[in-house]
Amino acid sequence: AVLALPKEGFGLREAWERLKAFLKGRVAFHRLPLRGWAEQAVGFAALLEAHRLGLVRLFQEAPFAPLYVEPVGALEGDLERTA
């Protein structure tokens, strides 16, 4: 049996390109333009990578509290650069 899946149309790069335009100051993750669970999961992964690269800070006051994202400087470039 062969399972043919279509190419994923919304990956980390696409998520980052969409999200960085909305990161003006501190923004709640649930307010970002991510439709559905799949986009939210990929968007979260993109933000974790951006955090690893020092592009954003992530804040959460307590477990299960809202997650906030804040840019660190200008959000130019992509997620492929190394820290």
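In this predicted model, helix α2 covers residues 36-52, and because each residue should add 1.5 Å, its 17 residues are expected to span 24 Å, a value that agrees with the 24 Å between its end C-alpha atoms. Five residues of α2 are buried, namely E39, G43, A46, L47 and A50. When the helix is viewed down its axis, these buried residues fall within an arc of 100°, so they line one face of α2. The general geometry of such helices helps here: an α-helix has 3.6 residues a turn, so residues three or four places apart point the same way. On the face of α2 turned away from the buried side sit the exposed residues W37, A38 and R52.

What do the buried residues of α2 pack against? They pack against the helix α1 (12-20) and the strands β2 (56-60) and β3 (67-71). With α1, the meeting is one of two axes that come within 8 Å and cross at roughly 80°, and the two helices are therefore roughly perpendicular to each other. On the α1 side the contact is made by L12, A15, W16, R18 and L19, while α2 contributes E39, V42, G43, A45, A46, L47 and A50. On the strand side, α2 lies across β2 and β3, running at about 115° to β2.

One of the residues in helix α2 is E39, which counts as buried because its relative accessible area is 15%, under the 20% limit. Leaving aside residues up to four places away in sequence, E39 touches F10, R18, P33 and L34. Among these partners, R18 also belongs to the part of α1 that makes the contact with α2.

The strands form an open sheet of three, in the order β1-β3-β2, with antiparallel pairing. The edge strands are β1 and β2, each of which pairs on one side only. As a general matter, strands of a sheet pair through backbone hydrogen bonds, either parallel or antiparallel. Here β2 and β3 pair in the antiparallel sense over five bridges; one of the bridge partnerships joins R57 to E70 in β3, and another joins Q60 to L67, also in β3.

Two of the connecting stretches deserve a closer look. Following α2 comes G54, whose phi is positive, near 80°. In the hairpin of β2 and β3, six residues lie between the strands, and F64 takes a positive phi near 70°, which is a positive value in a residue other than glycine. For comparison, most residues other than glycine have a negative phi. Is F64, in the loop between β2 and β3, buried or exposed? F64 is exposed, because its relative accessible area is 87%, and the limit for that class is over 50%.

A second phenylalanine, F29, lies in the loop between β1 (27-28) and α2, and at 17% relative accessibility F29 counts as buried. Although F29 and L58 are 29 residues apart along the chain, their C-alpha atoms are separated by 9.4 Å. Not counting residues up to four places away in sequence, F29 touches L34, Q40, G43, F44, L47 and L67. Within that list, G43 and L47 are among the buried residues of α2, and L67 is the bridge partner of Q60 in β3, so that F29 has contacts both with the helix and with the strand.

Methods: Residues are numbered from 1 along each chain as its sequence is written. This is a predicted model: local features need pLDDT of at least 70, side-chain atom pairs count only at pLDDT 80 or more; totals for chains, interfaces and linings use all residues. Side-chain values use heavy atoms; hydrogens and water are left out. Helices (H or I, at least four residues) and strands (E, at least two) are DSSP runs, numbered from the N terminus. The expected span of a helix is 1.5 Å times one less than its number of residues. Buried means under 20% relative accessible area, exposed over 50%, partly exposed in between (1.4 Å probe, protein chains only). The arc is that of the directions from the helix axis to the C-beta atoms. Contact means heavy atoms within 4.5 Å. Two strands pair if DSSP finds at least two bridges between them. Axes are lines fitted to C-alpha atoms, for helices over the stretch in contact, and angles run from 0 to 180 degrees between N-to-C directions. Angles under 35 degrees count as roughly parallel, over 145 as roughly antiparallel, 65 to 115 as roughly perpendicular and the rest as oblique.
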